[in-house]
Amino acid sequence: MKRSGSANLPLHYGYVPQWLYERMSRLGLAVFEVLLTDYGKDEVLRRMSDPFWFQSLGAVMGMDWHSSGVTTSVMGALKRAINPHSKEFGIYIAGGKGKFSKETPNELLKIADLTGLNGNELVRASILSAKVDNTAILDGYQLYTHNFILSDEGKWTVVQQGMNAQDKTARRYHWHSENLKSFVDEPHQGIEGVNVGEILNLTHHDARENRNGIMEVSHEAPEKIMKEISLIMPSHHDVRAEDVNLKRLGATLTLAREMQPENFEELLLLKGVGPRTMQSLALVSEVIHGAPARFKDPARFSFAHGGKDGHPFPVPVKVYDETLEILRSGIEKSKLGNSDKIQAVKKLHEINLKIEENFTPNFDIQEVLEEERKNSWRFGGKTVFGDAKPPKGNLGNDGIQLSLF
């Protein structure tokens, strides 16, 4: 049997504190607004169907970079943020976790009434994607969350996740309507979860004879089957050197800590932004503007806003808020015809790429993490366990002094 792809997503039963959930919603809204303006609705759906990008988005939002909670928390925050603007954006999010997933068909029918789309076809797509992952792929995972993201043009992405209670792991499944040839013949964009051995996969091409009489349903579709990709996540909570691309992380840290905005004409509008906020902005900019190949190490994006459980470091709330304010003010000004600030944020990623070309990583990631933790209290560091405290004997005003050279 073919294993379509796997990733280690440890089940986390914790909660997302309100102070983080509010910020996740605001950051998700800002990211979507810029994506829609610069790249359009189809690209938003493609990004959401990419397991690597989705995990990176969760990490930059301050969620635990490797856990199953990224799926439900990110989708919940996005649904809350995006749906009030759906008519403006042309993007709708249905479904959710547990009992909310069962409301997906009713939500899709209401969306169809608003948009003129074929509601029955949307409901059919939702039900079949869930049936395939819950029944046709007997991999030991029981679905408990299902989200259907669609555009007012009828294109869609499904993000759903199953739980294996026996080994306490989760597997997330991504679907994408683009190039979907059939619901029952290798339809997935990406599957992620822990390997539990041989999988009875009735969607595999070689199982087509076994499917006869089980499902008689397929879609007319474009010529190609979606390329399947898999994300493999480690089980450890701490971020280690092997979890990130040190060349890319080092270039970002160099841009934030060693370069001055006044040295780059494109960044003058960001003059006065501190190095720690610049670091977060650079990583958020990469999530928005980066090429698909840049999201193979989602842990790197946790260096923007840490993680709610304190890994790799507490969430720097003051930095998070400053990042949000820069993005929000830039978006509002762009609506009035002045997109300079949003373009400056985009330039961060372009300059980061130039630094990266000739950068040789010669730093210890543990030193970076120690500096982040030591200075966390200065940036309003928070976790689900409480506020970060200053280290004993270090109550001065010295900031981050780490040099990468």
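This briefing covers strand 4 with its pairing partners, and two buried residues in helices. The model is predicted, and the points below concern its secondary structure, burial and contacts. Strand 4, spanning residues 142-151, is mostly covered, with 9 of its 10 residues buried, and pairs in the antiparallel sense with strand 2 as well as with strand 5.

**Strand 4 and its partners**

- Strand 2, which runs over residues 91-97, is joined to strand 4 by 7 bridges in the antiparallel sense, and within this pairing I93 has I149 of strand 4 as its bridge partner.
- Strand 5, made up of residues 156-164, pairs with strand 4 over 8 bridges, again in the antiparallel sense, and here H146 finds its bridge partner in Q160 of strand 5.
- The connection between strand 4 and strand 5 is a hairpin with 4 residues between the two strands, and G154, which belongs to the turn, has a positive phi of about 95 degrees.

**S86 in helix 5**

- S86 is located in helix 5, which comprises residues 86-89, and S86 counts as buried because its relative accessibility of 3% falls under the 20% cut-off.
- Leaving aside residues up to four places away in sequence, S86 touches I91 and Y92, and both of these numbers fall within the range of strand 2, residues 91-97.

**A125 in helix 7**

- A125 has its place in helix 7, which covers residues 119-136, and is likewise buried, with a relative accessible area of 1%.
- Although A125 and S177 are 52 residues apart along the chain, their C-alpha atoms are separated by 9.0 Å.

Conventions: Residues numbered from 1 in each chain as written. Predicted model: local features only at pLDDT ≥ 70, side-chain atom pairs only at ≥ 80, totals over all residues. Heavy atoms only, no water. Buried < 20%, exposed > 50% of the residue type's maximum accessible area, 1.4 Å probe, protein only. Contact = heavy atoms within 4.5 Å. Pairing = 2+ DSSP bridges.
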